[in-house]
Amino acid sequence: MDVDAVDFPVRALLIDINGTVFDHGIAVEGAPEAVDRLRDEGYTLRFLTNTESKTVEDTLESLSRCGLHVEPAELFTPVVAARTLLADHPGPRVLALMSAELSATFAPLDTGTGGHTHVVVGDCQHVLDYPLLNRAFRAVRAGAQLIALQRGALYRTPDGQEFLDTGAIVAALEYGTGRTARLLGKPSGEYFGLAAASTGFDPRHTAVIGDDATTDAAGGRAIGATTIQVRTGKYAGQAAEGTAGRAAHTVDSIADVPALLHALHRDGFTRSGALRQAPGGVPPEV
């Protein structure tokens, strides 16, 4: 949904974590101060990540170690998105392909009887075997909805080793069952829509902030939100590839976002990113 030449005040911010406020265990310079300022100025914050291999508690601890204060209700992961979706389903029965620790977070929602209603695929590298894969295959064939927490084909460890990622397992189930998975991770518009809904504000009153034009900016555009790309994290690589510049606004880092939002509220803006100046106003560099 594209909305042009309309200025809606931004009230909620969907902020990417990796590469935007946090990078390789270190907070991006100025990120803790910027986050505190945005919260103090009354914005409703949600912090988004595609990581579906960690619990909410583990992610919050990682952020806390580098000086970033995030409340549990402010963190929105694919696991949180799946739980939000399933909470609205009458009597779900969930077959979760993920670690035992993460599977346990779905147990309170597993209230139905009979066959499985949903198969949720996340990071299952330590639990997956053929019998479990075949159980998921049979459940989807019998009518369970297939949900993917992300679609990455592979991931690399810091020492360069490569492993099959969640998307490869999802692809196997899609191929075997002839069904298409429902994606609840980036860049899915549904994922961003659920995150926006959790703030209580319409997407038109929401800004998505991230370093990745192909996921953050794409997801923001899908729900009609204002999009802001930062020049940290993946930005340099995407700029070299020609895939950057898809967001409405670009700033050097999260530290510059408060000033940009002030300018947008002062001067008005369009979804294309062009500031509408008030008489005598001078737009910032974006």
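Where in the chain is threonine 77 placed? In this predicted model, threonine 77 sits in the loop between β5 and α3 (78-87). We will come back to that residue once the elements around it have been introduced.

## The chain as a whole

The chain holds ten helices and 14 strands. Its radius of gyration is 20 Å, close to the 19 Å that the globule rule gives for 286 residues, so the chain is as compact as a globular protein of that length. If you like to think in box dimensions, the C-alpha trace spans about 70 × 40 × 35 Å along its principal axes.

Burial and contact range round off this overview. Of the 286 residues in the chain, 49% are buried. Among contacts between residues at least 6 apart in sequence, 64% join residues at least 24 apart.

## The six-stranded sheet

One open sheet is built from six strands with parallel pairing, in the order β5-β4-β1-β12-β13-β14. The edges are taken by β5 (75-76) and β14 (249-251); each has a single partner strand, so one side of each is left without a neighbour in the sheet.

Strand β1 makes a good place to start looking. Five of its five residues are buried, and both of its faces are covered: Ala12, Leu14 and Asp16 lie on one side, with Leu13 and Ile15 on the other. On the β4 flank, five bridges join β1 to β4, and the two strands run parallel. Here isoleucine 15 has phenylalanine 47 of β4 as its bridge partner. On the β12 flank, four bridges tie β1 (residues 12-16) to β12 (residues 206-210), again in parallel. Across this pairing, leucine 13 faces alanine 207, while leucine 14 stands opposite valine 208.

## Helices across the six-stranded sheet

Helix α7 (residues 189-199) lies across β1, β4 (44-48), β5 and β12, and runs at about 150° to β4. Its buried residues are Tyr191, Phe192, Leu194, Ala195, Ala196 and Thr199. An α-helix has 3.6 residues a turn, so residues three or four places apart point the same way. The buried residues of α7 pack against β1, β4, β5, α3, β12 and α8 (213-222).

Both ends of α7 have a local detail to inspect. At the start, a side-chain oxygen of serine 188 comes to within 3.1 Å of the backbone nitrogen of glutamate 190. After the helix comes glycine 200, with a positive phi near 90°. A second helix, α10 (residues 257-267), lies across β1, β12, β13 (226-230) and β14, running at about 145° to β14.

## Back to threonine 77

With α7 in view, we can return to the loop between β5 and α3. Is threonine 77 buried or exposed? Its relative accessible area is 2%, under the 20% cut-off, so threonine 77 counts as buried. Leaving aside neighbours within four places in sequence, threonine 77 is in contact with Thr49, Thr51 and Tyr191. Tyr191 is one of the buried residues of α7.

## The four-stranded sheet

Another open sheet has four strands in the order β6-β7-β8-β11, and its pairing is parallel as well. The edge strands are β6 (94-97) and β11 (182-183), each pairing on one side only.

Which residues of β7 point one way, and which the other? His118 and Val120 point one way, Val119 and Val121 point the other way, and all are buried. Four bridges join β6 to β7 (residues 118-121), with the strands running parallel. In that pairing, valine 94 stands opposite histidine 118, and leucine 95 is opposite valine 119. Towards β8, four bridges join β7 to β8, also in parallel, and valine 120 faces isoleucine 147.

Helix α5 (residues 130-141) lies across β6, β7 and β8 (145-148), running at about 140° to β6. Together, β7, α5 and β8 make a right-handed β-α-β unit.

Terms used
Residues numbered from 1 in each chain as written. Predicted model: local features only at pLDDT ≥ 70, side-chain atom pairs only at ≥ 80, totals over all residues. Heavy atoms only, no water. Pairing = 2+ DSSP bridges. Contact = heavy atoms within 4.5 Å. Axes fitted to C-alpha atoms, helices over the stretch in contact; angles between N-to-C directions. Buried < 20%, exposed > 50% of the residue type's maximum accessible area, 1.4 Å probe, protein only. Polar contact = N/O pair within 3.5 Å; in protein donor to acceptor, adjacent residues only side chain to side chain. Right-handed = clockwise from strand over helix to strand, strands pointing away. Rg over C-alpha atoms; globule rule 2.2 N^0.38 Å.
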